[in-house]
Amino acid sequence: MPTSDRTPEVYAKLGVKPIINAQSWITMLGGSLMRPEVLRAMDEAATAFVDLEELTRAGGQVVARATGSEAGLVVAGASAGNVLMAAAAMTGTDRAKVDQLPDTTGMPNELLMFKGGRNSYDKSFVTAGAKIVEFGSMGGARSYHLEAAINEDTVGLAWVVAPFQNYPFPLEEAIEICHARNIPVLVDAAAEVPPVDNLTRFTKIGADMVTFSGGKGIGGPQNAGLLAGKKDLIDAAFLHMFNLGSGTVGIGRPSKVTKETLVGMTTALELFVESDHEATWAGWRERANHIVGRLTNIPGLHVVLEDGDINRQGPQAVIYQESDWRGPSFAEVRKQLTDGEPSIRVGGGGYKGEINIVLVNVQPGEEVIIADRLEDILRG
Ligand SMILES: *Cc1c(COP(=O)(O)O)cnc(C)c1O
C-alpha cells in the first residue's frame with residue numbers, strides 16, 4: 001500500500017499527514033525508509049545493555065569492511081562526520097588537543113576548500129573550531145592555487161562531492177598535491193551512494209577520510225552516517241566522540257550514536273551492499289517510465305526519462321517547459337502538488353527550472369497517484 005494511503009497512528013496522533021516524497025533523500029522530508037530487517041535489528045538492540053565503546057569499535061569494523069578502509073566508525077550522519085573529520089585533522093590523537101577543542105589557540109586549524117566548491121553543509125567543517133581558507137576563485141582553480149594555499153597552519157583539504165557541485169580539478173590531483181605535503185584529504189560524499197561502488201571509491205583513490213550519510217541511499221537511520229579512513233585519523237575521531245577518561249566530553253558528544261542507531265546502521269549497510277542494485281534501479285526506472293508515459297503529447301511540455309545523469313539521483317521523470325507552454329507556471333504546479341491531498345513533493349530541477357520527479361523514495365503504487373495529479377494539473 002502506498003504510504004500516502006494510510007496515516008500511521010503515531011503521526012495522526014500528532015496531527016501530521018504523510019506526504020509522497022518524489023524529491024529524493026531529503027532530510028526535511030524524512031530521509032529514507034528503513035527496511036523491516038533494520039527496524040527489527042534496532043528493536044532487538046534496545047533489549048540489552050552493552051559497553052558502548054566495545055560496540056562502537058565493532059560497528060567501526062563493519063564500516064571499514066564495507067568501505068575498504070583501514071578503519072571506520074558509525075557516526076550521527078555526514079554532518080557529524082564532517083565535524084569529526086575536521087576535529088581529527090586538527091588534533092590527531094593528542095589528548096591535550098582533543099580536550100582543548102573547540103578552542104584552537106596554539107594549534108594549526110586551517111582547512112582548505114575550493115572557493116567555487118563551498119556548500120551549504122560546510123558549516124560542519126568549522127563547528128569543531130577549524131577555519132576554512134579558500135583557494136581559487138568562484139570560476140575555478142589550478143593546482144598551483146592549492147599548492148600556494150598550503151602553509152604551516154594547514155590541517156587538511158576539505159572536498160565536497162555532491163550533485164551540481166563544482167570541482168576545480170580531479171580529486172586524484174588534489175590528493176597527490178596534498179599527500180606530497182603530508183596534508184590529509186577529507187571528503188564529504190554524503191549523498192553519493194548509490195552507486196554502491198562509491199563506498200570504496202574515495203578510499204581507493206587515497207582520500208584520508210570520507211563520510212557518507214546513513215539515512216539517504218543506504219537506508220539506515222536518518223541520524224546515522226559512516227566515517228571511514230586511515231587508522232590514526234579514525235582513532236582521533238573516536239577520541240572526539242567519547243574523550244574517555246578525560247573528565248570532559250568530546251566535541252562529538254552532541255551527535256552521539258546510540259546502540260540502536262549503530263545496529264540499525266550496520267544492518268542497513270550490510271543489506272545495502274548485498275542487495276540487487278540493478279533490480280532496485282530497474283524498479284525506479286519502471287516507475288519513472290509510468291509517469292513519463294502518462295504525460296506524453298502535452299503541447300508545450302517535453303517530458304523525458306533521464307537515467308544516469310550524474311546530478312540526478314536514480315532514473316527520473318523530468319518535465320521541461322517549452323516556449324509555447326500556456327499552462328500554469330512550474331512554481332504554481334509545485335504549489336498545487338504540495339497543497340493537494342496527499343501532498344506531493346517533487347524536485348526543483350537544477351538545470352532550467354524543470355520539475356524532476358525522483359523515484360528513489362516513491363513507494364510502489366505512488367507513481368500512479370503522482371501521474372494522476374500531474375495529468376489533472378498539466379492537461380487542465
Ligand atoms: C546530506 C548532506 C550532508 C548532511 O548529511 P547528514 O547525514 O544529513 O548529516 C552533508 N553534505 C552533503 C553534501 C549532503 O548532501
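**Exercise 1. Polar contacts of the ligand**

Task: In this predicted model, which atoms of Ser-213, Asp-188 and Ser-79 lie at which distances from the ligand?

Solution:
- Step 1. Start with Ser-213: an N or O atom in the side chain of Ser-213 is 2.7 Å from an oxygen atom of the ligand.
- Step 2. Turn to Asp-188, where a polar side-chain atom lies 2.7 Å from a nitrogen atom of the ligand.
- Step 3. For Ser-79 the partner is a polar backbone atom, 2.9 Å from an oxygen atom of the ligand.
- Step 4. A polar contact requires N or O atoms within 3.5 Å, so the three distances, 2.7 Å, 2.7 Å and 2.9 Å, meet that cut-off.

**Exercise 2. The ligand's surroundings**

Task: How much of the ligand's area does the protein bury, and what classes of residue form the shell?

Solution:
- Step 1. Taken alone, the ligand exposes 390 Å².
- Step 2. Of that area, the protein buries 89%.
- Step 3. Residues around the ligand include Thr-27, Tyr-121, Val-160 and Lys-216, as well as Ser-79, Asp-188 and Ser-213 from the previous exercise.
- Step 4. By class, the shell holds 5 nonpolar, 4 polar and 2 charged residues.

**Exercise 3. The two domains**

Task: Where do the domains lie in the chain, and what is found at their interface?

Solution:
- Step 1. Domain 1 takes in 3-30 + 276-379, while domain 2 covers 36-274.
- Step 2. Their C-alpha centres are 32 Å apart; 11 residues from domain 1 and 12 residues from domain 2 make up the contact.
- Step 3. About 1000 Å² is buried between the domains, with 59% of it from carbon and sulfur atoms.
- Step 4. On the side of domain 1, Trp-25, His-277 and Asn-311 lose the most area to domain 2, together 56% of what that side buries.
- Step 5. The interface has 0 salt bridges by the rule, but 5 residue pairs are in polar contact.
- Step 6. The side of domain 1 that touches domain 2 has 3 nonpolar, 7 polar and 1 charged residues.

Key
Residues are numbered from 1 along each chain as its sequence is written. This is a predicted model: local features need pLDDT of at least 70, side-chain atom pairs count only at pLDDT 80 or more; totals for chains, interfaces and linings use all residues. Side-chain values use heavy atoms; hydrogens and water are left out. Domain bounds come from an automatic or database domain assignment. Contact means heavy atoms within 4.5 Å. Buried area is the accessible area (1.4 Å probe) that two parts lose on being put together, summed over both. A salt bridge is a side-chain nitrogen of Lys or Arg within 4 Å of a carboxyl oxygen of Asp or Glu. A polar contact is a pair of N or O atoms within 3.5 Å; within protein, one must be able to donate a hydrogen and the other to accept it, and residues adjacent in sequence count only if both atoms are side-chain atoms. Ala, Val, Leu, Ile, Met, Phe, Trp, Tyr, Cys and Pro count as nonpolar, Asp, Glu, Lys and Arg as charged, and the others, Gly among them, as polar. A residue is near a molecule or strand if one of its heavy atoms lies within 4 Å of it. Accessible areas come from the Shrake-Rupley method with a 1.4 Å probe; for residues, only the protein chains shown count as cover.
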